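Here's a quick tour of the empty space inside this protein, with a stop at one tryptophan along the way. Have a look at the model before reading on.

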Amino acid sequence: MGGAHSIGIVGLGVISRAYLDTLAGVDGIRITAVADLDASRAEAVAAGIEGCRPLATGELTADPGVDTVLNLTIPAAHAEVALAAIRGGKDVFGEKPLAATFAEAREVVDAAARADVRVGCAPDTVLGTGVQTARRAVDEGLIGAPVGATATWVSPGHEHWHPQPDFYYRAGGGPLLDMGPYYLTSLVQLLGPIVAVSGAASRAHATREIGSGARAGERVPVEVDTHIAGVLEHANGAISTVTMSFDGVATSARPLEIYGTEGALVLPDPNHHAGEVALRRRDGDAWDALAPSAGYEEAARGVGLLDFVAGHDRVGGAMALHVLEVMESLHAAATTRTRQELTTSVERPSLVPLTPASAWR
């Protein structure tokens, strides 16, 4: 996927391991620099990668040897690091959300346009065979005209397993901004952009108890809503409903279902790249599994960065900005009890052809 390209990584927390594993050994990709607030962590990671240097964040974003900055910092730092990379003339690909607020994300996208550099953003799970196979089914009319969808994610919260869960309960966190990008990006990929939203939200707890690690037993304050229900109006007339929660125990609901005039689709968990897609036709009496027909096979976190480096815009800044506005507007709709019209839109990205792992690794 493209020629030699130098990657610099900022932020070496839990999620960085998945990216490092995916990028290791990919032809034409070199990780040349890493940075972290914990300098010893950067030194340890760099020591395990041939030709990689541990740098301070400012040094990395300005380094002429870095082509693209991979921004894996916490949400509150996403915009700051992205803007620094843009000032350094770099393309930047970040973890979701694009920034902690829509205003910051807009600043990032506008700055990149002025500097003539590119912005990309997770999630890249939408490029795997799960969502892409469903996308092909929609495009080929297997469900007729799309009329709606449901998206559901429910859990008791990440503090039960994450040793440093604070940022999940601060601005830029919460179940909608944490997990919503997987579901909402999938919905936009499948049904197109969203023009308006309405919803309601609540929070069940004022504090959360950390369940693991050195801080186990410590309580962290909850500063964001932790149960959100919303209605999304798509430009094509379809209506989606979403439920995202850190307050529930569990759910047996399908993660994603798409409804059409001639059929319906059940999708796998969009937090993963693959899984079974099932189709129920109007004249059928059972759900039929669809063979994978599109997407990167055996995809893993980081495949979106490779797709981005190859010049595609399937997980670009415009998509991330639109999804972030949807999420922020849902919170605003819940607070004001009003329907919120969106100011952004985005074209549905091109379909990913069925691509074996040997072709993208």
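## What counts as a cavity

A cavity here is a set of grid points where a 1.4 Å probe fits but cannot get out. Keep in mind that this is a predicted model. With a floor of 30 Å³ or more, the count comes to two cavities.

## The second largest cavity

This one holds about 50 Å³ of space. Its lining is made up of Asn71, His78, Ala82, Val92, Gly94, Glu95, Pro97, Leu98, Val108, Val119 and Gly120. Helix α4 (75-87) and the strands β5 (91-94) and β6 (119-121) are the elements that each give two or more residues to that lining. By residue type, the lining splits into six nonpolar, four polar and one charged.

## The largest cavity

Now for the largest cavity, with about 90 Å³ of space. It is lined by 15 residues, and the closest to its centre are Ala122, Pro123, Thr185, Ala320 and Val323. Two or more lining residues come from each of α7 (174-191) and α9 (317-336), and α9 gives the most, with five. The lining divides into twelve nonpolar residues, two polar and one charged.

## A look at Trp360

Trp360 sits in helix α10 (residues 357-360). Is this side chain's residue buried or exposed? Trp360 counts as buried because its relative accessibility is 1%, and the cut-off for buried is under 20%.

A polar atom of the Trp360 side chain lies 2.8 Å from the backbone oxygen of Glu297. Asp307 is 53 residues from Trp360 in sequence, yet their C-alpha atoms are 8.5 Å apart in space.

Methods
Residues are numbered from 1 along each chain as its sequence is written. This is a predicted model: local features need pLDDT of at least 70, side-chain atom pairs count only at pLDDT 80 or more; totals for chains, interfaces and linings use all residues. Side-chain values use heavy atoms; hydrogens and water are left out. Helices (H or I, at least four residues) and strands (E, at least two) are DSSP runs, numbered from the N terminus. Buried means under 20% relative accessible area, exposed over 50%, partly exposed in between (1.4 Å probe, protein chains only). A polar contact is a pair of N or O atoms within 3.5 Å; within protein, one must be able to donate a hydrogen and the other to accept it, and residues adjacent in sequence count only if both atoms are side-chain atoms. On a 1 Å grid over the protein atoms alone, a cavity is a set of points where a 1.4 Å probe fits but cannot get out, and a pocket is an open set with protein on both sides within 12 Å along at least five of seven lines; lining residues have an atom within 4 Å of a point. Grid points are joined across faces, edges and corners, and a volume is the space filled by probe spheres set on the points. Ala, Val, Leu, Ile, Met, Phe, Trp, Tyr, Cys and Pro count as nonpolar, Asp, Glu, Lys and Arg as charged, and the others, Gly among them, as polar.
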